[in-house]
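Here is a friendly walk through a few packing details, with the sequence and structure to hand. Please keep the viewer open as you read.

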Amino acid sequence: MKRLSVKQVVLYLGGILMCRVSWAGCFPLIPAYFTAVYLEDASRGMQSIALLAGLVVFVPVTSAVKYLMAMLVIMVTIRLFEWAEGRCTTLCAAIAATIATFMMGAAGELLDMRDTAGWLATVLESLFVFAAVLLGTRLVDLFLQLNLLPAEQAEGSYQEQRLGNYADSFNGLSRIFAQMSSVKKELSTEQMGRIQNELTGSLCMNCNQCALCWEKEESPMYSYLAYMLQSMQRTGEPDHEIVVQMQEYCPYTDAVVQEALRIFEKARLNLAWYNRLLENREIIAQQLDAMAYIMEDCANEITDITNENRQLLAEVKYRAKERGILLRQPHIYRARDNRLQFVCEAYTRYSGCIAMKELARAVSMGLERGMRAKKDERTLISGQALAVTFEEDARFHETHAAVRRVKDGGRVSGDNYSFLELDNGQAVMMLSDGMGSGSAACKESELVLELLEKFLEAGFSKTTALKMMNSAMVIRGEDDLYSTVDICSVDLYSGVCELYKIGAATTFIRHREYVERVVSNSLPVGVSYRMDIASTQKQLASGDFLIMMSDGVLEYPGVKAPESEMCDIIRELDTSHPGQMADAVLEAALARTGGKARDDMTVLVMGLWEK
C-alpha cells in the first residue's frame, strides 16, 4: 500500500506538470495523459482534481475550457463503455480522446476563440493525442508494476530447502532398512549348533548310555549326528544310511530322528518368519524411497522466474486489463520440462462476469506462447478474486475408446481399465487382468487400478507408483490372487509414449505404414516384493493408435502366432475412429474363436492427433 501511494502522488504531480507542456498554443499531453491514467483506474477522482489544478494555474482560460470539456467527454465515453461492455480497451479510449480533442479544437476554431491555432494544428494535435494515449497507457502500466514480489521468492526457496531436507531424511531411513539384513536361504552354522545342543539336551541327558556315546573320544555319534542334521537341512529328511549306522550305537535312534525333525520344522518356520520380516522391511524401504521421491519432485518441480520476466508479466497484466480483468499476485514458473506455468488471482474490474478464455488469450499473448487454463478451473471470472493456474497448451490431443466381453457363462469381467489425463500433460491408459474370472478377479484388478490411479494423481512417477502398488498387494496377499498391469502413458506435448507391462499381453501400435508390437515376459503384480520394472519408449506421430488388450483376445485355437495374426487384423482396419477400431478388433478375435469367449476379453484404443 505504501508503494502504491507514492506512485499515485507521482501520477498526480505528472498530471500537473503536463499542463505546462505546450506546442503552437496547444496542450495535447493533457487529454492524452488524462486518458492513459483514467484507464488505469488509479484514484480517478484525485487525478481529475490534480489536472484541474494544473489547468487553472498553467493554461489560458480559453484553452482550459477546451481541454476541460474534452476530459469530460473522454470520461463519459470510458464510463459508458465500462457500463455496457464491462471494460474499455485502450484503442476505444484513444479514439474517444482523439475525437473529443478534435471536436473541441474545431469548435474553438469555428468560434475563433484562439489566436494561433489553425485547422492543421487541430488535426495534428488530434493525431498526436491518439498516439500518445496508446503509448502512454503502456508507460503508466509499466510504472505501476515496478518492484513486484521480491519477498515471496525467498519464502519459496526456503520451502524448497525444507522439502529437500525431508527427502534426504527419508532416503537415509530407506538405506538403513535396506542394509539391516539379507534374506537367509538356509540355517547358519551357529543355528545348527544350537539345534544339536537342544536335541542332545532333551534326549541324551536322560539316557543311561550318555557317557558311552558322548564322553569317549572314539565314539562316532558326533559325526553321525552332524551328518544326519546336514542331510535334513539339504533334503528335509535324514539320510537312511546314517540312521542305520546310528542304530548300532544308540537304541533311541528313532526318537532322536523324530525330535530332530520337530526341531528342524520349528527352525524352518522361524526362518520363514524372519525372511517375511525382511520382506516387510524391504517394502517399508520402498515406501520411504517413494516418499523421498515425491518430496524431491515437489522441491524441484518448478522454478519461480517471475523476477527475470517482469516484461512478460507486465504484458500479461496489460492485456488482461484491456479485457476488464485485474490480476493480483501473479507468478511465472518454469517446470523441469522447460514448460511455463502462470499463477495469479483474477477478478473483474467492474460488476459482471468474463469468460476464462478471455484471460487465457491475454496470458497467451503476453507470454508469447499458447497457454490454457488448468483442468477443472472455473469457466467464468467474477468480481471476487479467484486463484487460477495456466499451463502451456499441449501439441497433441487424444481420443480413446474401450470394448469388452465377459467370459461365456460369467456375469462379471475380471478385466478392469482406466483412462487418466494427469496435470503434467500425460494421457494414461491402463488395463489390469485379474487371475481367472468372476467377481474375485474383478475385485483384485479393480484394487490394482485404484491404487495406481491414486498414486499417479498424487504425482508419483509410473515406476514408483508400480512399486508402491506391488508392495501393497504383497502385504495384502489374499487367496494367492494376482493381476497383470498394462500401462501406456503418452506425453501430449512431445508425443513420446512410455509402456509398462507387468505380466500383460502384447500391446500394438498402429502407425501409418506398419503395426508395431510391444511384448513383456514379467510376472504379475503381488507375486514377489521384488519386481523388475522395465519401460519401453516409442515416438508417436499424429494419426497413430495404441491398441491394448487382455490375453483373452489373443487366444485363438490352432493358431501358433496369435500376435502376428492380430497385427494383420489391425493393419487391415479401415477406420480412424477409436470406438469403431476397438469393436472391429474384438469382432475379428471372436470370428477366429467361433464366437466363443473362453476368457474375459477387453480391448482399449487410444488415438493421437496433433492440434
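## A facing pair across two strands

Let's start with one pair of residues: His397 stands opposite Trp609 in β17. Please keep in mind that this is a predicted model.

The wider setting is the pairing of β8 with strand β17 (residues 601-610). These two strands run antiparallel and are joined by ten bridges.

## The sheet around that pair

Which strands make up the sheet, and in what order? Five strands form an open sheet, and reading across it gives β8-β17-β16-β13-β14, with antiparallel pairing. At the edges sit β8 (396-405) and β14 (515-518), each of which pairs on one side only. Neighbouring strands here are turned against each other by 20° on average, with direction ignored.

A helix also meets this part of the model: α17 lies across β13 (507-510), β14 and β16 (545-549). Relative to β14, helix α17 runs at about 145°.

## Helix α17 against helix α18

Two packed helices are described by the angle between their axes and the distance between the axes. For helix α17 (residues 562-571) and helix α18 (residues 578-592), the angle is about 135° and the axes are 10 Å apart. Angles of 65 to 115 degrees count as roughly perpendicular and those over 145 as roughly antiparallel, so α17 and α18 are oblique to each other. Their crossing is right-handed.

Which residues make the contact? From α17 come Glu565, Met566, Ile569 and Ile570, and they meet Val585, Ala588 and Arg592 of α18. Sorted by character, the residues of this contact are five nonpolar, two charged and no polar.

## Helix α2 against helix α4

Another helix pair to inspect is helix α2 (residues 29-39) with helix α4 (residues 61-85). Their axes are 10 Å apart and the packing angle is about 25°. Angles under 35 degrees count as roughly parallel, and α2 and α4 are therefore roughly parallel to each other. Helix α2 passes α4 in a right-handed crossing.

On the α2 side, the contact is made by Ile30, Pro31, Phe34, Thr35, Tyr38 and Leu39. They meet Tyr67, Met71, Ile74, Met75, Ile78 and Arg79 in α4. The contact of α2 with α4 divides into ten nonpolar residues, one polar and one charged.

Notes. Residues are numbered from 1 along each chain as its sequence is written. This is a predicted model: local features need pLDDT of at least 70, side-chain atom pairs count only at pLDDT 80 or more; totals for chains, interfaces and linings use all residues. Side-chain values use heavy atoms; hydrogens and water are left out. Axes are lines fitted to C-alpha atoms, for helices over the stretch in contact, and angles run from 0 to 180 degrees between N-to-C directions. Helices (H or I, at least four residues) and strands (E, at least two) are DSSP runs, numbered from the N terminus. A crossing is left-handed if the near helix is turned anticlockwise from the far one by less than a right angle, and right-handed if clockwise. Contact means heavy atoms within 4.5 Å. Ala, Val, Leu, Ile, Met, Phe, Trp, Tyr, Cys and Pro count as nonpolar, Asp, Glu, Lys and Arg as charged, and the others, Gly among them, as polar. Two strands pair if DSSP finds at least two bridges between them.
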